[in-house]
Amino acid sequence: MRKTIAVMTSGGDSPGMNAATRAVVRTAILNGAKIFGVYNGYRGLLENDMIEMNRRSVSDIIQRGGTILGTARSQEFMTPEGRAKAAENLRERGIEGIVVIGGDGSLRGAQCLADEQNIAVVGLPGTIDNDIWGMDYTIGSDTASNTIIDAINKLRDTASAHRRIAILEVMGRHSGWLALITGMSGGAEYILVPEDSFDLDKIAAEIRAMYDENQKRYVLIVVAEGAGSAIEIGMKLEEKTGIDTRASVLGHIQRGGSPTVIDRVYASVLGEKATLALLSGVSNVVYGIQHGGIVNVNLYDAVTKKKQLDPEYIRMAKVLA
Ligand code: F6P
């Protein structure tokens, strides 16, 4: 059994990271282990910026977005020398393993730390992108989806008032999952994702016909940032169709907010699971949710294999538009 571990949040923050951190801390303490919180992700690991935590360290945070530990991107940690320095800081405190809550880039860093420095790592998928291979959920993706659908509902009102084309750009980095799931939920006429090609001339002709032939009141388009810029695509569509078009970029609003029940519960369940595993000697795995159950995915697979969008969802989105 390991007796001293740490927890950190890394990469883009996501709603639910605090719920996961809370579960890690309380599970560790309940099992008689010492638990350190690392501030500001890998930068804090390098700067030896960490603190021993207790039950009260994580009081009153389950409902809060963001991350009380902070997060940051660290170029130095991307080097073997940086990882050696980070590992030294952990060993000096007797820390035997670390729970890393973050996205694919953060989990990739954890993999390097484990391989090069023999530090035990267990990952949790903390990202709104839902782009981690081997699982169909990531902590924060549900809250972000609900933030987006609220924006879509508001856009429908104003687009219909003006008979406009409304195009909304959402996050997801190289994944189209947020755009696909919210576009479907919002009844978008078009959903543009990096995983599927699209022809703007064809879309423009179809929209023009909708307006001319069946008096279409408005059109809603959701575009994933990895598929293009809503502003540029909107300008091209307005030029091609002659229809008033307005673009909105939701940006970092998608990263904030009080986590939904799903994000709070899954983050807590995964936090407990990851901690028990780490304490029991497990390393190099990522715990996630697949079809509603807990899965553990080999860390190397999680960071090297690319998650695909469900082609059925892509097909259905076109049918239901
Ligand atoms: O990975 C989460 C994410 O929100 C992506 O969807 C987005 O492209 C990126 O982070 C933005 O990164 P930053 O917060 O560093 O601008």
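Q: Where does the ligand sit?
A: In this predicted model, the ligand occupies the largest pocket.

Q: Which residues surround the ligand there?
A: The surrounding residues are R73, T127, I128, D129, M171, G172, R173, E225, H252 and R255.

Q: How does that shell break down by class?
A: Five residues of the shell are charged, three are polar and two are nonpolar.

Q: What lies 2.6 Å from an oxygen atom of the ligand?
A: That is a polar side-chain atom of E225.

Q: And how far is the side chain of H252 from a ligand oxygen?
A: An N or O atom in the H252 side chain is 2.9 Å from an oxygen atom of the ligand. For R255, a polar side-chain atom lies 2.8 Å from a ligand oxygen atom.

Q: How much of the ligand does the protein bury?
A: The protein buries 76% of the 400 Å² that the ligand exposes when taken alone.

Q: Changing topic, which domains make up the protein chain?
A: The chain is divided into domain 1, covering 4–140 + 259–304, and domain 2, covering 142–255.

Q: Which of these domains contribute to the shell around the ligand?
A: Domain 1 and domain 2 each supply at least three residues to the shell.

Q: How far apart are the domain centres?
A: The C-alpha centres of domain 1 and domain 2 are 34 Å apart.

Q: How many residues of each domain are in contact with the other?
A: In domain 1, 14 residues are in contact with twelve residues of domain 2.

How values were computed: Residues are numbered from 1 along each chain as its sequence is written. This is a predicted model: local features need pLDDT of at least 70, side-chain atom pairs count only at pLDDT 80 or more; totals for chains, interfaces and linings use all residues. Side-chain values use heavy atoms; hydrogens and water are left out. A residue is near a molecule or strand if one of its heavy atoms lies within 4 Å of it. A polar contact is a pair of N or O atoms within 3.5 Å; within protein, one must be able to donate a hydrogen and the other to accept it, and residues adjacent in sequence count only if both atoms are side-chain atoms. Accessible areas come from the Shrake-Rupley method with a 1.4 Å probe; for residues, only the protein chains shown count as cover. On a 1 Å grid over the protein atoms alone, a cavity is a set of points where a 1.4 Å probe fits but cannot get out, and a pocket is an open set with protein on both sides within 12 Å along at least five of seven lines; lining residues have an atom within 4 Å of a point. A molecule sits in a cavity or pocket if more than half of its atoms lie within 2 Å of its grid points. Ala, Val, Leu, Ile, Met, Phe, Trp, Tyr, Cys and Pro count as nonpolar, Asp, Glu, Lys and Arg as charged, and the others, Gly among them, as polar. Domain bounds come from an automatic or database domain assignment. Contact means heavy atoms within 4.5 Å.
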